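Visitor: Could you take me through one part of this model up close, helix packing above all? I'd like the cut-offs spelled out as you go.

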Amino acid sequence: MSLQKKTISGLIWNFTQQFSVQLIGFCITMILARILLPAEFGLIAMLTVFIAIGNSLLESGLASSLIRSSDLGQEDYSTVFFFNLGGSIVLYAIIYLLAPLIASFYHQDVLTLILRVYALDFIINAFYGVQNARLTKEMNFKIQMKIQIPAVLIGGLLGVFLALQGYGVWSLVWMGLFQSFLSTVMHWIYSGWTPSFVFSKRCFKRHFYFGYKMTLTGLLDILYRNIYVLIIGKYYSVVQLGFYSRADSASQLPIANISAVINKVTYPMFASIADDDLRLKMVYKRLMQQVIFWNTPILILLAVIGEPLFRFLFTDKWLPAVPYFQILCIAGIMYPLHAYNLNILKVKGRSDLILKLEFIKKSICVVGILCVFPFGIYGLLYFQLMFNFIGYYINSIYSGKLINYPIGEQIIDIIPMIATSVFAGILCYLADTLCFSTLQLLDVTRIIIDGLFFSLIYLASSSILRLAPIHDFKQLILKR
């Protein structure tokens, strides 16, 4: 199969996988949000950063090294597997001991036991990390879809059942653990790979040299993405954190789908053409335009329909989260391109540069947060919005130099898609505010009308302007 066909097939299967998993997960969360209280979601949100840091340390960037490397053998995979497994046990022991201190930090004693149970996820995930990396390297997203959909669905149904039985926050904990357990079992069944009892120091050093820089980069990114949760959880109420967590999760539905698809597919694809800068630039440009073309209008539309959407999906008790959601939607416009830019640096073997960039960006972030902290939650949210654009600018400067695609040229290539989306969003907002919201329509009716009105304006404007992504998308479909 040619690279183009393999890439298109990977995009389709990976998007189907991501969209299906996210949609199922979102539906499960929607049901749970109607049963549970915002404070119970806030408790789980408080632990997110610690679980994410643990998983990042566990993975150690070695999976990225496996994906980018070519001459791999059983020794390489088995070495990474046993390192992950041993590391997961050590990490769990550390988290077990630190749990009371973390609970004290948030002034929530109940978090001690919750974290000690929830952290078992480290050990469970260690059993399938290598199998998942192999499937990603092979761009076998069809198998990954067969694994993730049942795991999310069955685990989600367990969570709903426990919530209905009055288990409260524990329904979220057991749901997460059971989903990881099912995913592990099915990875072993479907991947076709099992470890050998070997551990090679040579293989470990090879992957660790690339991976440790990626780990430090990942830790910085995790701390940045969760610093708002830490601050809100520490200095504001658990209910406010619950609202923020729900707004962030809802805004991440389209963002996570698009960014995860692009990241998974482009990394192995870029790796295969890493030595051809001209081709790399061409592919990079076309995919970047496609991402902006689809991601931007979806997020702007969601921001416009935020109020009726939250009332329809989660009931009135979640309406205080709507302003958070609208700001986070706009902040997410450039987010998928962050991973996309970093993939260029990865395939060029510049993990040192990635670490340097992350250090620069996170230093700016910390200073910015200290400046806006006196302005409360909205100060933090507006800074988060602004910093996503700053982060993209910094990433693009360095990745652009490697493939001779300067930041100015990149901005010129994506401005038409962003401007068209903003134009459609303004017209839709005016129509909704002046007409649709005054007709006393049902929320679902208002959502549908807004969606159709926005789509008509956006697609018509894009066709009139003959935006490049429309032509490229048609060509991709016709060539299949």
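Guide: Here is a walk around one helix pair, followed by some other helices for context.

First, the ground rules. This is a predicted model, where local features need pLDDT of at least 70 and side-chain atom pairs count only at pLDDT 80 or more, while totals for chains, interfaces and linings use all residues. Residues are numbered from 1 along each chain as its sequence is written, and side-chain values use heavy atoms, with hydrogens and water left out.

Let's start with α17, residues 376-402. (Helices here are DSSP runs of H or I with at least four residues, numbered from the N terminus.) Its 27 residues reach 40 Å from first C-alpha to last, close to the 39 Å expected at 1.5 Å a residue; the expected span is 1.5 Å times one less than the number of residues. Just past the end of α17, N404 takes a positive phi of about 55°.

Now bring in α14, residues 322-331. The axes of α14 and α17 come within 8 Å and cross at roughly 15°. Those axes are lines fitted to C-alpha atoms over the stretch in contact, with angles running from 0 to 180 degrees between N-to-C directions. That makes α14 roughly parallel to α17 (angles under 35 degrees count as roughly parallel, over 145 as roughly antiparallel, 65 to 115 as roughly perpendicular and the rest as oblique). The crossing is right-handed, meaning the near helix is turned clockwise from the far one by less than a right angle.

Who touches whom? With contact meaning heavy atoms within 4.5 Å, α14 brings P323, Y324, I327, L328, I330 and A331. From α17 come I377, Y378, L381, Y382, Q384, L385, N388 and F389. Together they divide into twelve nonpolar, two polar and no charged. (Ala, Val, Leu, Ile, Met, Phe, Trp, Tyr, Cys and Pro count as nonpolar, Asp, Glu, Lys and Arg as charged, and the others, Gly among them, as polar.)

For another pairing, look at α8 (residues 141-164) and α9 (residues 169-190), which pack at about 155° with axes 8 Å apart. These two are therefore roughly antiparallel, and their crossing is right-handed. The residues of that contact divide into 15 nonpolar, seven polar and one charged.

Finally, burial, which means under 20% relative accessible area with a 1.4 Å probe, protein chains only. α12 is mostly covered, with 20 of its 28 residues buried. Over in α4, residues 74-106, sits T79, which counts as buried because its relative accessibility is 0%. Leaving aside neighbours within four places in sequence, T79 is in contact with V198, F199, S200, C203 and F204.

Technical notes: Buried < 20%, exposed > 50% of the residue type's maximum accessible area, 1.4 Å probe, protein only.
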